[in-house]
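Biologist: Let us go through this model together. I will ask, and you reason from the coordinates.

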Amino acid sequence: MKKGTITAVKCVSGSCSEKLSRKDGFFNRLELAVANHWWATRRPPVSLTAMAEGHTKTPAERKSEGVTTGMAHEEIRQAYQMLGQEATAYDGMITCSTLFGRTICKLVWDMDKADNDRYLQLALAGIREDFAGKLLEVPVGTGVLTMPVYQKLKNSDVTCLDYSTEMMATAQKRAEKFGLRQVRFVQGDVGGLPFENGSFDVVLSLNGFHAFPDKGAAYRETFRVLKPGGIFCGCFYIRGETRRTDWFIRHFYEPKGFFTPPFETAASLKKRLENFYANVTLDTVKSMACFCCRKGESRK
C-alpha cells in the first residue's frame, strides 16, 4: 500500500476484505475507524463456572463469594502490550487504548474506557483460566482479543474459523508470536461449519452475528457443533439500547454493507437463545449484548 493512503474494508459473512483506498486525512480516518469498529467491540458473557452449574448470579454476587470468573483483566492488558510494533490503530480501537480509539468508542458506541474494559472482561469470563477442552472461535478476525487469552490456555484445543483468509493470516501471525501450538485455523462459513455434531465444549462468537447474512443458519450451526452441556458465549450489536449507535448503524454501517439486518433486541435475543439452550444469561453494555448459554444434556 502506498504511503498516505488508507484501506477501507467491507464485511463478508462476518469477516472483512479490502475494498478501496483513500487519501489520508482526518475524516477519511474517521470513516475507516467507524467502518471497522464493529470488529473492535467483541466482548460478552458471564462465568463459565456459574453457567456450567446452572447458576445465573451477577458478577458482583460471584465476586462477593470468591468465585473465579475467568481470565484476569491485568493479564490480558499485559498480553496486549506484548503485541509491540504489530499493534495498529485498529487494535487501539478494539482495546480502546489510544486517543483515536477512545474517540471512536465515544462517538459511535457511547462507551468510555471503563465500558470497554467491562464488556471485554465479561466476554472472557466465559472461559475458565484452567480450561482444557475443545473451543471453537467464529469468527476469529485478526485475533487481537483472543490470541493473548489462548496463551494462558496451554492445555486447550482451540480451532479458529473465519471466512476471510486475510484476517486469519493476521491472527496466525499473532498465534506464532505467542507460540500457540494448540491453536489451529480453518477457513469456512458459519452457515455451514465443517465439523461433526457435538465437537466442542465451548463455542465463542465475538462480534459476528450482527454481520452474518444468514443469522438463522449461524444460530443452528453453532448449536449443532456444541457438545451437550457445552457453553455458547459471545457478544454482538443489538438495536434499541443506545440511540446514537442505532443512528450510526442505520445511516452508515448498514448502507455500506458492514452490518446486515435484521438486528436483534435484548428481548428478541433472549427469547431466541432460550429456544435453543437450557440456561441463558444475557446482559447489555450500551448497545452490546453479552451472553452465556449452556446447552441441555439431552438436546441433539
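Biologist: Which residue has a side-chain oxygen that reaches a backbone nitrogen at the start of α7?

Modeller: This is a predicted model, so take each value as computed. At the start of α7, the backbone nitrogen of Ala-114 has a side-chain oxygen within 3.1 Å. A polar contact needs N or O atoms within 3.5 Å. The oxygen belongs to Asp-112.

Biologist: How far apart are the end C-alpha atoms of α7?

Modeller: Helix α7 has 12 residues. At 1.5 Å a residue, they should span 16 Å. The model agrees with that, as the end C-alpha atoms are 17 Å apart.

Biologist: Which residues of α7 are buried?

Modeller: Buried means under 20% relative accessible area. The list for α7 includes Asp-115, Asn-116 and Asp-117. It continues with Tyr-119, Leu-120, Leu-122, Ala-123 and Leu-124.

Biologist: What is the strand order of the open sheet?

Modeller: The sheet has 7 strands, and its pairing is mixed. The protein comes to 9 strands and 12 helices. The order in the sheet is β5-β4-β3-β6-β7-β9-β8.

Biologist: Which strands stand at the edges?

Modeller: An edge strand here has a single partner strand, so one of its sides is left without a neighbour in the sheet. The twist averages 15° from one strand to the next. The edge strands are β5 (183-187) and β8 (279-285).

Biologist: What is the bridge partner of Leu-135 in β4?

Modeller: Strands β3 (residues 134-137) and β4 (residues 157-162) run parallel. They are joined by 4 bridges. For Leu-135, the partner in β4 is Val-158.

Biologist: What angle does α7 make with β8?

Modeller: Helix α7 (residues 113-124) packs on the sheet. It touches β6 (200-206), β8 and β9 (288-294). Its direction makes an angle with that of β8 of about 165°.

Biologist: And what angle does α9 make with β5?

Modeller: Helix α9 (residues 165-177) also packs on the sheet. It touches β4 and β5. Its direction and that of β5 make about 170°.

Biologist: At what angle do the axes of α6 and α11 cross?

Modeller: The axes of α6 (residues 99-109) and α11 (residues 243-256) come within 7 Å. Lys-106, Leu-107, Val-108 and Trp-109 in α6 meet residues of α11, among them Arg-244, Phe-248 and Tyr-253. The two helices are roughly perpendicular. The crossing angle is roughly 95°.

Biologist: Is Asp-110 buried or partly exposed?

Modeller: Asp-110 sits in the loop between α6 and α7. Its phi is near 55°, a positive value in a residue other than glycine. Relative accessibility is 19%, so Asp-110 counts as buried.

Biologist: Then Lys-286: buried or partly exposed?

Modeller: Lys-286 is in the loop between β8 and β9. Phi is near 55° here, again positive in a residue other than glycine. With 29% relative accessibility, Lys-286 counts as partly exposed.

Biologist: Which residue is joined to Pro-139 by a cis peptide bond?

Modeller: Pro-139 lies in the loop between β3 and α8 (147-150). Omega of the bond is about -5°. The partner is Val-138.

Biologist: What is omega for the cis bond between Pro-261 and Pro-262?

Modeller: Pro-262 has its place in the loop between α11 and α12 (266-276). A cis peptide bond joins Pro-262 to Pro-261. Omega is about 0°.

Terms used:
Residues are numbered from 1 along each chain as its sequence is written. This is a predicted model: local features need pLDDT of at least 70, side-chain atom pairs count only at pLDDT 80 or more; totals for chains, interfaces and linings use all residues. Side-chain values use heavy atoms; hydrogens and water are left out. Two strands pair if DSSP finds at least two bridges between them. Axes are lines fitted to C-alpha atoms, for helices over the stretch in contact, and angles run from 0 to 180 degrees between N-to-C directions. Contact means heavy atoms within 4.5 Å. The expected span of a helix is 1.5 Å times one less than its number of residues. Buried means under 20% relative accessible area, exposed over 50%, partly exposed in between (1.4 Å probe, protein chains only). A polar contact is a pair of N or O atoms within 3.5 Å; within protein, one must be able to donate a hydrogen and the other to accept it, and residues adjacent in sequence count only if both atoms are side-chain atoms. Angles under 35 degrees count as roughly parallel, over 145 as roughly antiparallel, 65 to 115 as roughly perpendicular and the rest as oblique.
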